[in-house]
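Please look through the model below before reading on. The notes that follow take its features one at a time.

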Amino acid sequence: MVNGQTTTTGEAQMTIMQYNYTDPGMGRYGHQIDTSMYSGWGDAPKATIDGQGTLAGACTRNGATFPKKPLSPANSWQTGESFYDTTATAAGATGTCETFWYLTFTNAPYSPAVTSRSMKEVRCDNVTAGRPVVGCVVPWAASDLVYTRTATPELADHVAKAQASGLPSRLTRTENQTIIDSNRTRACGSAPSVPNKSCDEYPIASSHQGLNAGGTRRTQPGCGFTGVPAGTGPTGVSVCMIAAGDNNSQGGTNTQFFRRERVLENDPFNVVVR
């Protein structure tokens, strides 16, 4: 700026990418940022870039590095990496933290220019049932709850048919025992008595998509239910009499999955048949 008149003396067009990465068995997680100038002109491509990592919320910074590097040449990459420790470590605690990268562009004799980017994707907790350690996840990134045709063939077959009828593969978890019990009772409370078989419902009872949310029962061919119609669509539940061993195994599979992936109330997850 000269005598109040601003003149553009250069521009740099940049790609900026950010990543959060976590471990469900650790209270430390990372925030990485990558920058690259893909085109520019004038004085702007002569600048250098460096960064500072900081935070707001339930965490402390463990370390952050972003060495000063020139923007040029085009399509070269500059990387910053920072690590944070959650403070949600007490039993029963959950916490989130927004982490930031402040990027400084230096190009004498111009004044330094600063811009920022942030991420607030991570949740850490010490509340996951059966897992009394701290861990961190990206809760909106749905993990896969997998049923295999090898281990539980009748369960897998029912779930596959239920999904093919229109019922969702992406569910949201409920930890509310009243809702879970209501889902089971409404789906299987009047199940027939079949030797060595028990009633399976899909969507699973520990999801918000069960009959407690509304809808009606449907069934599949060969499932042993009389008086229950077939049906299609995204609401309601499918019921089927399956091998009792498959049903018992499902309970353990679900519990281990929720514990391993730290799936809490209202978190999404995908049900996958392989």
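1. Aromatic pairs. The model is a predicted one. Searching the whole structure turns up seven aromatic pairs. One of them joins Phe 66 and Trp 101: the ring centres are 5.8 Å apart and the planes meet at 65 degrees, so the pair is edge-to-face. This pair links distant parts of the chain, 35 residues apart. Phe 66 sits in the loop between strand E4 (59-65) and strand E5 (69-70), while Trp 101 belongs to strand E7 (residues 94-106).

2. Burial of that pair. Are these two rings buried or exposed? Phe 66 has a relative accessible area of 7%, and Trp 101 has 0%. Buried means under 20%, so Phe 66 counts as buried, and so does Trp 101.

3. A phenylalanine cluster. Phe 257 and Phe 258 also form an aromatic pair, with 5.5 Å from centre to centre and 55 degrees between the planes, which makes it tilted. Phe 257 is buried at 2% relative accessible area, and Phe 258 is buried at 5%. Ring pairs tie Phe 257, Phe 258 and Phe 269 into a cluster. In addition, the charged end of Arg 173 sits over the ring of Phe 258, 4.1 Å from the ring centre.

4. The nonpolar core. Phe 269 appears again in the largest nonpolar core, which has 17 residues; it is among those with the most contacts inside that core, a list that also includes Leu 145, Tyr 147 and Tyr 202. At least two residues each come from strand E11 (143-147), helix H1 (153-164), strand E15 (237-243), helix H3 (244-261) and strand E16 (268-273). H1 gives the largest share, three residues. Setting aside neighbours within four places in sequence, Tyr 202 is in contact with residues including His 158, Val 159, Leu 167, Val 237 and Val 271.

5. A three-stranded sheet. An open sheet with mixed pairing has the strand order E13-E15-E14. Strand E13 (197-202) and strand E14 (217-219) are at the edges with a single partner strand each, so one side of each has no neighbour in the sheet. From one strand to the next, the twist averages 35 degrees. E14 and E15 run parallel and are joined by three bridges; Thr 219 has Val 239 in E15 as its bridge partner.

6. Helices on the sheet. H1 lies across E13 and E15, at about 160 degrees to E15. Helix H2 (residues 177-188) also packs on the sheet and touches E13, E14 and E15, with its direction at about 115 degrees to that of E13.

Methods:
Residues are numbered from 1 along each chain as its sequence is written. This is a predicted model: local features need pLDDT of at least 70, side-chain atom pairs count only at pLDDT 80 or more; totals for chains, interfaces and linings use all residues. Side-chain values use heavy atoms; hydrogens and water are left out. A nonpolar core is a set of buried Ala, Val, Leu, Ile, Met, Phe, Trp, Tyr and Cys residues joined through side-chain atoms within 4.5 Å. Buried means under 20% relative accessible area, exposed over 50%, partly exposed in between (1.4 Å probe, protein chains only). Helices (H or I, at least four residues) and strands (E, at least two) are DSSP runs, numbered from the N terminus. Contact means heavy atoms within 4.5 Å. Two strands pair if DSSP finds at least two bridges between them. Axes are lines fitted to C-alpha atoms, for helices over the stretch in contact, and angles run from 0 to 180 degrees between N-to-C directions. Rings of Phe, Tyr and Trp (its six-membered ring) pair if their centres lie within 6.5 Å; planes under 30 degrees apart count as stacked, over 60 as edge-to-face and the rest as tilted. A charge sits over a ring if NZ of Lys or CZ of Arg is within 6 Å of the ring centre and within 35 degrees of the ring normal.
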